[in-house]
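Visitor: I've got the sequence and the model open side by side. Could you walk me through it?

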Amino acid sequence: MRIPVLSIVFLFVISFLTDLYIASDVRSMFGKRSGKLYWASAALCWIFLIVTISLPRREADSGIMAVMWMLFIYLTIYAGKFIYLVWSVVGRFFRLIFNFKRKVYPFRWCGLFCALCLIAIMWVGAAYTRHHLMIAEEEIYSPKLPESFDGYKIVQLSDLHVGTWGEDTSFLKQLVDTVNSLNPDLIVFTGDIVNRQTDELAPFIDVLSGLRAKDGVYSILGNHDYGDYVNWPSPSDREVNNRRLADFEKKMGWRLLNNESDYLRNGSDSVLLIGVENWGDPPFPVYGNLDKAVSASNLNDRQYKILLSHNPEHWNREISKNTNIDLTLSGHTHAMQMMLKLGNWVWSPAKYRYEQWGGHFIRENNNGEKTNLYVNTGTGAVGMPARLMSAYPEVTLLTLRRGDVK
């Protein structure tokens, strides 16, 4: 109970202080009666917040879609209010410092306009952006790649979070059709297929079974796929949940690599595909075990190797330093479902949490050999049922090339 109580107290205090300030502006601009109406609407928002946070979220038989959407509604309202508050404070500051005699109404109207723009951006992200796929294409070079794999096409998907769609399969049908139209040699999924529990996947089994690639579909688990976000009646219930997820993926025709590896073969040539369970930096548990997935003798040999590891911090902290794995594919960050792209300039708040949050990265290991990482920014949404600005759902098309790393 501590987390919900602390959340309510924190958000209530922020909301109250924001409303206290804005109410004074409303009174000064429109009179006392308008101020009272504003306080009534603010009180309704506070009650809405308390009800939202009080709803069950971690019980096995409770859903989270209602909570997600209710929190999103609250956040859109108060994000707009906060933007207005900033503009109003700036107006008061200018009037005080520069001794402006005119009133600060222009700043307030600018604040209102910006607040409405922000609310619009958030709802466009929920109603439009998260439904529209973006195909990111990248060529990955290595002199170790066998000649017969030059031009080999891999489609990477990550972070579907199917529970956010409820039982609506339309987006995933679009996703499957888009992937299949790329004619990939291999499809990989780098974790977080559900939000909390396996039951979320049931409506989508038939749709996701439609993914097609010459060498099949391989997958790994992400931090959301272990049932760690549910208060299970008993440990055995969690184990049943996790076994069902593996069974569902098998039913879809996917090969789940739980600290395992497999060879992709083309004639006499081969590439080693390695999949580790979730390697979590705090607060996420560590399930991944690279030593179990591949023998020490093979880890740094001259074989071309691809690693599927959900969290890019695995590459950042260990893989890129201590192994010669040629290509690591990760997800997890979602670009925090918020990204702004202007030409070649790209920004996301995820950069303040993850050094590698999206795209292609190259680094030399401790032996001077170059290793590649690609971080897919996800196709689904969790927490906030929206993807804002340029954070479109990503389908990554990777083409392997024989040649010097670049």
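What follows is a short round of questions and answers on a sheet, a serine and some salt bridges.

Visitor: Before we start, what kind of model is this, and what are the ground rules?

Guide: Residues are numbered from 1 along each chain as its sequence is written, and side-chain values use heavy atoms, with hydrogens and water left out. Local features need pLDDT of at least 70, side-chain atom pairs count only at pLDDT 80 or more, and totals for chains, interfaces and linings use all residues, since this is a predicted model.

Visitor: In what order do the strands of the open sheet of 6 run?

Guide: Strands here are DSSP runs of E, at least two residues, and helices are runs of H or I, at least four residues, both numbered from the N terminus. Two strands pair if DSSP finds at least two bridges between them. The edges, pairing on one side only, are β6 (260-266) and β12 (359-364). With mixed pairing, the order is β6-β7-β8-β9-β13-β12.

Visitor: Which residue in β13 is the bridge partner of L329?

Guide: Start one strand over: β8 (residues 305-308) and β9 (residues 327-330) pair in the parallel sense over 3 bridges, and L308 stands opposite L329 there. Next, β9 and β13 run parallel, joined by 4 bridges. In β13, the partner of L329 is Y374.

Visitor: And which β12 residue has Y374 as its bridge partner?

Guide: β12 and β13 run antiparallel, with 6 bridges. Their hairpin has 5 residues between the strands, and G368 takes a positive phi near 80°. The residue paired with Y374 is H360.

Visitor: How many of the 6 residues of β13 are buried?

Guide: Buried means under 20% relative accessible area, exposed is over 50%, and partly exposed is in between (1.4 Å probe, protein chains only). Helix α10 (residues 312-322) lies across β8, β9, β12 and β13 (370-375). β13 is largely enclosed by the rest of the structure, because the buried count is 5.

Visitor: Is S158 buried or exposed?

Guide: S158 sits in the loop between β2 (153-157) and α5 (170-181). It touches (heavy atoms within 4.5 Å) F189, T190, G191, G331, H332, N376, G378 and T379, leaving aside residues up to four places away in sequence. Its relative accessibility is 0%, so S158 counts as buried.

Visitor: Which side chain does the side chain of S158 join in a polar contact of 2.6 Å?

Guide: A polar contact is a pair of N or O atoms within 3.5 Å; within protein, one must be able to donate a hydrogen and the other to accept it, and residues adjacent in sequence count only if both atoms are side-chain atoms. At 2.6 Å, the side-chain partner of S158 is D159.

Visitor: How many residues apart in sequence are the parts that R401 and E139 tie together?

Guide: A salt bridge is a side-chain nitrogen of Lys or Arg within 4 Å of a carboxyl oxygen of Asp or Glu, and the count comes to 15. R401 and E139 form one at 3.3 Å, N to O. R401 is in β15 (residues 394-402) and E139 in β1 (residues 134-142), so the parts tied together are apart by 262 residues.

Visitor: What is the relative accessibility of K305?

Guide: K305 meets D301 in a salt bridge of 3.0 Å, N to O. D301 is partly exposed, with a relative accessible area of 23%. K305 counts as buried, because its relative accessibility is 0%.

Terms used
Axes are lines fitted to C-alpha atoms, for helices over the stretch in contact, and angles run from 0 to 180 degrees between N-to-C directions.
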